[in-house]
Amino acid sequence: MKVSANVMYLDSPPAQSNPVILDSLPVPATFEDREMPRRARLQIDLILLAIEALDIGGSEAILTLAAELELQDIIKNRVNLWRLRSTNPLRRYSQRRSLTVLEAKALVAIACYLARRMTVLIRQLLLAYQQISDKQLSMEHHFRLSEYLERFRKHFRSRMNPRRSGVLAYSSDEKLNELAISLLGELLFCTGTGGMQRFWSSLFDGEV
């Protein structure tokens, strides 16, 4: 994933009420007081969708981690979380409101913390995918990888609006598998040192 270079960031101090963990995610100056771009809202929701496909309790883990990171004033409960994620324009019940910068920061922090906890699993699945691809075998030859892909396809089809052109592009199992594997790579991208900052910056690629 490319990260934009030469991006100017605001150096003004964060609002006092903002959780400290979010201070490490600088906002490009051109996005001050603006809503998050469409692609960023889509990408954040898809990353969380991949986490839910990896962990059957992923949705509950998001809320638990929100409390642990003192983000419960931003992500208050399950309904609030659903509303935030429904700012993804591809959702069946997409919200008219957009995602604020602060809300996006909170979701990014949670996604990256959860990804870090699953680093070993993510690496194992990416390695399995590479080995299976090299041998030209079907994904069913690796139970855990096959399970992840099946869950991802199920989540995607149940939550995204099939009439959206962006969803039609993933009408086949093969295309959805490719997306799911690509998201595994992005989750791994989030796990290393500075991963959360890199993922956050990548959301503004092409926007500033």
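**Walking through an all-helix chain**

Let's start where two helices meet: the axes of H5 and helix H6 (residues 143–159) come within 9 Å, crossing at roughly 100°. H5 and H6 are therefore roughly perpendicular to each other, since angles of 65 to 115 degrees count that way. On the H5 side, the contact is built from Leu121, Leu125, Ala128, Tyr129 and Ile132, and H6 answers with Arg144, Leu145 and Tyr148. Sort those residues by class and you get seven nonpolar, no polar and one charged.

Keep in mind as you look around that this is a predicted model. The chain has nine helices and zero strands, so if you trace the elements from the N terminus on, they read α-α-α-α-α-α-α-α-α.

H5, which covers residues 119–134, also packs against helix H8 (residues 173–191), with the axes 10 Å apart and an angle of about 140°. That angle makes H5 oblique to H8, and the crossing is left-handed. Here H5 brings Thr119, Ile122, Arg123, Leu125, Leu126 and Tyr129, while H8 supplies Ile181, Leu184, Gly185, Leu187, Leu188 and Thr191. The tally for this contact is eight nonpolar, three polar and one charged. If Leu125 and Tyr129 of H5 look familiar, they should: both are listed in the contact with H6 and in the contact with H8.

Now for the interior. In soluble globular proteins, nonpolar side chains tend to be buried together. In this chain, the largest nonpolar core has 68 residues, and Leu71, Ile75, Tyr148 and Phe152 touch the most other members. Helices giving two or more residues to this core are H1 (38–54), H2 (58–68), H3 (78–85), H4 (101–117), H5, H6, H8 and H9 (195–202). Tyr148 turns up again here, having already appeared on the H6 side of the contact with H5.

Ile75 is a good one to click on. Setting aside its neighbours within four places in sequence, Ile75 is in contact with Leu63, Ala66, Asn80, Leu81, Leu84, Ala106, Leu107 and Ile110.

Next, go back to the segment before H1, where you'll find Pro37. Is Pro37 buried or exposed? Its relative accessible area is 8%, and buried means under 20%, so Pro37 is buried. The C-alpha atom of Pro37 is separated by 8.4 Å from that of Leu99, though the two residues are 62 apart along the chain.

Finally, zoom out. Of the 208 residues in the chain, 49% are buried. Among contacts between residues at least 6 apart in sequence, 70% join residues at least 24 apart.

Notes: Residues numbered from 1 in each chain as written. Predicted model: local features only at pLDDT ≥ 70, side-chain atom pairs only at ≥ 80, totals over all residues. Heavy atoms only, no water. Axes fitted to C-alpha atoms, helices over the stretch in contact; angles between N-to-C directions. Helix = DSSP H or I, 4+ residues; strand = E, 2+ residues; numbered from the N terminus. Parallel < 35°, antiparallel > 145°, perpendicular 65-115°, else oblique. Left-handed = near helix turned anticlockwise from the far one by under 90°. Contact = heavy atoms within 4.5 Å. Nonpolar A, V, L, I, M, F, W, Y, C, P; charged D, E, K, R; others polar. Core = buried A, V, L, I, M, F, W, Y, C linked by side-chain atoms within 4.5 Å. Buried < 20%, exposed > 50% of the residue type's maximum accessible area, 1.4 Å probe, protein only.
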